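Me: Got a minute to go through a structure with me? I'd like to pick it apart piece by piece.

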Amino acid sequence: MREALIVWGGWSGHEPQECAEIIKTMLEEDGFKVYLEHGTEALADPSVHDLSLVVPIMTMSKIEKEEVKNLAAAIESGVGIAGYHGGAGDAFRDSVDYQFIIGGQWVAHPGNIIDYTVNITRPDDPLMEGIADFPFTSEQYYMHVDPSNEVLATTKFTGEHAYWIDGVVMPVVWKRKYGKGRVFYSSLGHQAKEFDVPEMKTIFRRGANWAAR
């Protein structure tokens, strides 16, 4: 049986506990044994190396050096990691080691909660099968991203809320490798209610299963 660890905490505005429970149920439905831990301490445990998947939900948190070192070694050896929105893309601002794993870091969401479009750029990829471009209402994440990411979906900024980024095309969903480990990220998911959007939930679910060893 595949085993997954969800670590949750950080900024309460992203509803980390509620989202952790949603993802726990999702993974259990897909046959995982799921461990739920509040805080990052579990990432330093040697047992992380035996997992199939790690899901961080830790917006604006701190991670200790021994924790990120152990996590990075586990992923490099083949453990998968899947994350979304600020829970993974703005988790540990002061850890470049962690950002190297995820492949991006949030820096802005001009206009805060707005309507925008998610454009599927790789409809041939199994993670995007049957999913067309779709409207979304949330924070439109502006991120600094790794050029080695394999981008599956993007969004285009209008410049309405920051004129100097008019026309910028920004990755929304990507996958990548870190050593032998698979990394999946989606910038969608500001609060728990966004998992009610079928496209958002399906993309994350497929991504988590793809990343899992």
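Me: What does Gly83 touch, not counting residues up to four places away in sequence?
Reply: Gly83 touches Pro56, Ala88, Phe184, Tyr185, Ser186 and Phe204. Contact here means heavy atoms within 4.5 Å. Keep in mind that this is a predicted model, where local features need pLDDT of at least 70, side-chain atom pairs count only at pLDDT 80 or more, and totals for chains, interfaces and linings use all residues. Residues are numbered from 1 along each chain as its sequence is written, and side-chain values use heavy atoms, with hydrogens and water left out.

Me: OK, and is Gly83 buried or exposed?
Reply: Gly83 counts as buried, because its relative accessibility is 1%. Buried means under 20% relative accessible area, exposed means over 50%, and partly exposed is in between (1.4 Å probe, protein chains only).

Me: Which strand is Gly83 in?
Reply: Gly83 is found in strand 4. Strands (E, at least two residues) and helices (H or I, at least four) are DSSP runs, numbered from the N terminus.

Me: How many residues of strand 4 are buried?
Reply: Five of its five residues are buried. Both faces are covered, with Gly80, Ala82 and Tyr84 on one side and Ile81 and Gly83 on the other. In a regular strand the side chains alternate between the two faces of the sheet.

Me: What does strand 3 do with strand 4?
Reply: Strand 3 and strand 4 pair in the parallel sense over two bridges. Two strands pair if DSSP finds at least two bridges between them. One of the partnerships is Leu53 with Gly80 in strand 4. Strand 3 (residues 53-59) also runs parallel to strand 1 (residues 3-10), joined by seven bridges, and Val7 has Pro56 in strand 3 as its bridge partner.

Me: Zooming out, what is the strand order of the sheet?
Reply: It's an open sheet of nine strands in the order 2-1-3-4-11-10-9-6-7, with mixed pairing. Strand 2 (33-38) and strand 7 (134-139) stand at the edges with a single partner strand each, so one side of each has no neighbour in the sheet. On average, neighbouring strands are turned by 25 degrees against each other, direction ignored.

Me: New topic: which strands does helix 1 lie across?
Reply: Helix 1 (residues 16-29) lies across strand 1, strand 2, strand 3 and strand 4 (80-84), and runs at about 170 degrees to strand 1. Axes are lines fitted to C-alpha atoms, for helices over the stretch in contact, and angles run from 0 to 180 degrees between N-to-C directions.

Me: Which residues of helix 1 are buried?
Reply: Pro16, Cys19, Ala20, Ile23, Met26 and Leu27. Seen down the axis of helix 1, they fall within an arc of 125 degrees, so they line one face of the helix. That arc is taken from the directions from the helix axis to the C-beta atoms. An α-helix has 3.6 residues a turn, so residues three or four places apart point the same way.

Me: What covers those buried residues of helix 1?
Reply: The cover includes strand 1, strand 2, strand 3, strand 4 and helix 5 (198-211).

Me: And which residues of helix 5 are buried?
Reply: Met200, Ile203, Phe204, Gly207, Ala208, Trp210 and Ala211 are buried in helix 5. They pack against helix 1, strand 3, strand 4, strand 7, strand 10 and strand 11.
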